[in-house]
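Biologist: I'm new to this one and would like to walk through it with you. Could you put it up on the screen?

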Amino acid sequence: MKILVTAGPTREKIDPVRFLSNASSGKMGYAIADCAARRGHEVVLISGPVALPAPEKVRRIDVESAAEMYDAVAAEFPRCDVLIMAAAVADYRVAQPFAEKLKKMPGEFTLTLERTTDILAEMGKLKQENQKLVGFAAESRDLLRYAEEKLAKKNLDWIAANRLADGFGTDSNRVILISRDGGKIELGPAPKTEIARQMLDAIL
């Protein structure tokens with residue numbers, strides 16, 4: 001099978017040296033890509049900026065912004081069997097990034113933000129019957145409610161729900177894998193490599 005995985009954060013530029021981002025390490029997505037490649041699948045990994053080496057036998061595409069990630073996913077998705085969106089993609093970007101470095105000024109400073117394209121929702125619209133789409137929901141509260149709403153709204157087959165305190169930026173994770181028909185599988189707490197193995201067992 002051809003498996004497409006996204007991982008890591010995105011960066012949205014404020015000026016040439018500053019950006020908006022998040023604390024995603026990319027470790028969960030990289031573990032999934034590595035596990036899938038070890039099983040003999042053809043794997044493409046679309047990665048935001050992370051300090052991780054590319055897994056062996058994986059084709060990695062490096063991106064920075066949410067727009068770049070959308071373009072890369074949209075280009076690869078039609079030819080893949082499974083898309084697993086583990087990346088923490090920015091929901092907002094600076095409406096008008098500054099061409100020159102901002103200088104310190106007295107008083108408050110306001111940035112105007114605009115929405116980025118919802119990659120998962122867009123792929124949910126394009127998904128064919130022979131394709132599977134898997135999302136992640138990292139939440140600080142009301143985990144199952146938000147995850148189930150996201151699963152239905154974005155036309156997903158599975159969603160991996162985890163609390164921010166359980167896995168964001170760490171080597172381990174604890175995940176509730178929810179299927180389209182409402183089934184739930186609790187995974188972990190365990191190293192992300194083991195979570196990846198169990199996720200692939202269920203999804204594939």
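Biologist: Let's begin with helix α3, then: which of its residues are buried?
Modeller: In helix α3 (residues 119-126), the buried residues are Ile119, Leu120, Ala121, Met123 and Gly124, where buried means under 20% relative accessible area, exposed means over 50% and partly exposed is in between, with a 1.4 Å probe and protein chains only. Helices (H or I, at least four residues) and strands (E, at least two) are DSSP runs numbered from the N terminus. Please keep in mind that this is a predicted model, in which local features need pLDDT of at least 70 and side-chain atom pairs count only at pLDDT 80 or more, while totals for chains, interfaces and linings use all residues. Residues are numbered from 1 along each chain as its sequence is written, and side-chain values use heavy atoms, with hydrogens and water left out.

Biologist: What do those buried residues of α3 pack against?
Modeller: They pack against α2 (66-76), β6 (82-85), β9 (132-139) and α4, with contact taken as heavy atoms within 4.5 Å. At the start of α3, a side-chain oxygen of aspartate 118 also comes to within 3.3 Å of the backbone nitrogen of leucine 120. That is a polar contact, a pair of N or O atoms within 3.5 Å; within protein, one must be able to donate a hydrogen and the other to accept it, and residues adjacent in sequence count only if both atoms are side-chain atoms.

Biologist: You mentioned β6; are its faces covered or exposed?
Modeller: Both faces of β6 are covered, since Val82 and Ile84 on one side and Leu83 and Met85 on the other are all buried.

Biologist: And which strands does β6 pair with?
Modeller: β6 runs parallel to β1 and is joined to β1 by four bridges, and it pairs with β9, also in the parallel sense, over three bridges; two strands pair if DSSP finds at least two bridges between them. Leucine 4 stands opposite leucine 83 in β6, while valine 82 has lysine 132 in β9 as its bridge partner.

Biologist: What does Ile84 touch?
Modeller: Not counting residues up to four places away in sequence, isoleucine 84 touches Ile3, Leu4, Val5, Thr6, Ile32, Val134, Phe136 and Leu200.

Biologist: Which residues touch the most other members of the largest nonpolar core?
Modeller: Of its 30 residues, those are Ile32, Ile84, Phe136 and Met199; a nonpolar core here is a set of buried Ala, Val, Leu, Ile, Met, Phe, Trp, Tyr and Cys residues joined through side-chain atoms within 4.5 Å. Helix α1 (residues 27-38) gives the most to this core, with eight residues. Apart from this core lies another, of 25 residues, among them Ala87, Ala147, Leu156 and Ile176.

Biologist: Back to Thr6 for a second: is it buried or exposed?
Modeller: Threonine 6, which is found in strand β1 (residues 2-7), counts as buried because its relative accessibility is 0%. A polar atom of its side chain lies 3.1 Å from the backbone nitrogen of alanine 87.

Biologist: Now Ile176, from that other core: what are its partners in the neighbouring strands?
Modeller: Isoleucine 176 in β11 stands opposite alanine 161, and its bridge partner in β12 is glutamate 186. Strand β11 (residues 172-179) pairs in the antiparallel sense with β10 (residues 158-163) over four bridges and, again in the antiparallel sense, with β12 (residues 184-191) over six. β11 is mostly covered, with six of its eight residues buried.

Biologist: Switching topic, how many aromatic pairs are there?
Modeller: A search of the whole structure finds one, formed by phenylalanine 98 and phenylalanine 109, which is tilted at 6.1 Å centre to centre with 45° between the planes. Rings of Phe, Tyr and Trp (its six-membered ring) pair if their centres lie within 6.5 Å, and planes under 30 degrees apart count as stacked, over 60 as edge-to-face and the rest as tilted.

Biologist: Why do those two count as partly exposed?
Modeller: Phenylalanine 98 is partly exposed because its relative accessible area is 33%, and phenylalanine 109 is partly exposed because its value is 43%.
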